[in-house]
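Hi,

Here is the structure I said I would pass on. Have a look at it first, and my notes on what turned up follow below.

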Amino acid sequence: MGALISAYRHHPQHLSRVSQDRMAGWLGISQAQLSRYESGENQIDRLDRLRHFALVLGVPGERLWFDRVVIPAQAGSLDTSPPDVLAAPWEATSIARSVEETARSDLAISRRAALTGAAAVTVGSALVEPLQRWLHPLQNLSKWSSHSAISEEELAALQRVADGLRGWGGRGGYGLARKAVLGQLDELAERLQRAPAGPTTERAFFIGAELSKVAASMSFDAGLHNAAQRYYVLAVRMAKAGHNDGFAALCLAAMARQMFDLGRPEDGLELVQLGQYGTRRTGTPTLKALLLTREAWAYAQMGKTREFHQAVGMAQDSFAQREADSEPRYLHSFDEAELEGVIGARCRDLAKHDPAQAVFAEQHIRRALELRDPSKVRNRAFDVIGLARTKMVAGDPEAACGLINEVLPTAAKLSSGRVLRKLEDFAKEAATHRHIRAVQETRDAIRAIRTA
């Protein structure tokens, strides 16, 4: 194995020799340890380490005297957790391999197992520091491969599939739609590991980034924050391999939203600022506006009124400069209704620290409802729930409950985890008024939907 590692590092197919430091990072060992393996000074006598190294290097199973993967008889006694996507190398082939391993791992886990065994998310410097690597260029894919390049026809078919699956992002986190997304990711990632450099390969990586973000949204909706975080990270990586920094920044913004949902505004702010720095020269007006609303979100949770309004003002100014037809397709959903809805909801967050902000929250949310396309049923549900929570903060519980009762039939049909969690948040905030009959009845109705 030591000789194989050395041969891999010096293979002429690489544009430049893979350093021992870089290879050691891939394998999860020190540079000194790698050097001793290559020189033969130390022998590798652990089968689990041999398996790991063979997997990282992509050694075909038929070339090994041991099984590269776990045999079924052993599967129950070994760790089946998905790979650590934050520690994986920032190199195109390794990114594709990481996507394939993650998708296959999740496809093998049932929903029940995922819900009962979900690990905690990574937070703090352990999350932010590995993602800082996205600011640096990736090593280019080799221009030569024994396999053919991805054709325009294949690419068009992939895009049609991705477009069809994207619409399922808000319809619940599991079921056939989730399996379809993960299956497509698995198949695409396997293909990308063998594809040579070229424009269609880059575009295929971007399609993979879109699929990863859909998988993340589904997981987020189902309350599986660890799985959501994995796929957001993979989406950032695949967008980077696809030379689409704007979409990578969008995924960082989605990761920040997840941190806000978990009550970690400092982590969310760092992720947003990472996206802002990486797109400071290339970001479109809409992207800059979106990132600024995420920055304002952090300030709202921190209770920083002056910084919040400064960020909101900059977001509005940037949005006013946009030309909708020249914005990328993945930003089309961030329209004026979405801008108003996000600002209104964040004003409501800030009102918990500064009650005077409630009036601004109601103004923006009502404007969002006026602008919102009727077909955006889930977004409108979020708006109404947000307006009800604003009424509760403003001290009008009866009006708040009236709004919730209007949206409950829609919420019951949506089967959206995030909508249900927002309703639960309302129920908790209304607990101080539970002596009011209308409040108690509304809380009971929310409980009935939640347990149905």
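**What I found**

His 243 sits in the loop that runs between α11 (225-241) and α12. Its phi is positive, about 55°, even though it is not a glycine. That caught my eye because most residues other than glycine have a negative phi. His 243 also counts as exposed, with 54% relative accessibility.

Before I go further, bear in mind that this is a predicted model. The mean pLDDT of the protein chain is 86, and 88% of its residues reach 70 or more. The stretch to be wary of is residues 69-79, where the pLDDT is below 50. Beyond near neighbours in sequence, that stretch has 5 contacts in the model.

Now the overall picture. The protein chain has 21 helices and 0 strands. Of its 452 residues, 50% are buried. Among contacts with a separation of 6 or more, 69% are between residues 24 or more positions apart. The chain exposes about 21300 Å², and carbon and sulfur atoms supply 50% of that.

On to the packing. The largest nonpolar core has 85 residues, and the ones touching the most other members are Leu 131, Met 255 and Leu 271. Which helix gives the most to this core? That is α12 (residues 245-261), with 12 residues. Leu 271 is a good place to start browsing: leaving out residues up to four places away in sequence, it touches Leu 127, Val 128, Leu 131, Leu 252, Met 255, Ala 256 and Met 259. There is also a second, separate core of 27 residues, which includes Leu 387, Leu 420, Ile 446 and Ile 449. As a general point, nonpolar side chains tend to be buried together in soluble globular proteins.

Thr 442 is worth a click too. You will find it in helix α21 (residues 437-451). Is Thr 442 buried or exposed? Its relative accessible area is 1%, so it is buried. A polar atom of the Thr 442 side chain lies 2.9 Å from the backbone oxygen of Ala 438. Not counting residues up to four places away in sequence, Thr 442 touches Cys 401, Ile 404, Asn 405 and Phe 426.

Compare that with His 309, in helix α15 (residues 305-320). His 309 is partly exposed, at 34% relative accessible area. Leaving aside neighbours within four places in sequence, His 309 is in contact with Leu 350 and Gln 357. Its C-alpha is 9.2 Å from that of Cys 347, and the two are 38 residues apart in sequence.

Gly 198 brings together separate parts of the sequence as well. It is in the loop between α9 (176-192) and α10 (199-221), and it is partly exposed, with a relative accessible area of 21%. The C-alpha atoms of Gly 198 and Ala 149 are separated by 7.5 Å, with these positions 49 residues apart along the chain.

Last, helix α1 (residues 2-9). Its buried residues are Gly 2, Ile 5 and Arg 9. They are on the same side of α1, because they cover an arc of only 60° around the axis. The general rule is that an α-helix has 3.6 residues a turn, so residues three or four places apart point the same way.

Cheers

Note on methods: Residues are numbered from 1 along each chain as its sequence is written. This is a predicted model: local features need pLDDT of at least 70, side-chain atom pairs count only at pLDDT 80 or more; totals for chains, interfaces and linings use all residues. Side-chain values use heavy atoms; hydrogens and water are left out. Helices (H or I, at least four residues) and strands (E, at least two) are DSSP runs, numbered from the N terminus. Buried means under 20% relative accessible area, exposed over 50%, partly exposed in between (1.4 Å probe, protein chains only). Contact means heavy atoms within 4.5 Å. Accessible areas come from the Shrake-Rupley method with a 1.4 Å probe; for residues, only the protein chains shown count as cover. pLDDT is the predictor's confidence in each residue, from 0 to 100. A polar contact is a pair of N or O atoms within 3.5 Å; within protein, one must be able to donate a hydrogen and the other to accept it, and residues adjacent in sequence count only if both atoms are side-chain atoms. A nonpolar core is a set of buried Ala, Val, Leu, Ile, Met, Phe, Trp, Tyr and Cys residues joined through side-chain atoms within 4.5 Å. The arc is that of the directions from the helix axis to the C-beta atoms.
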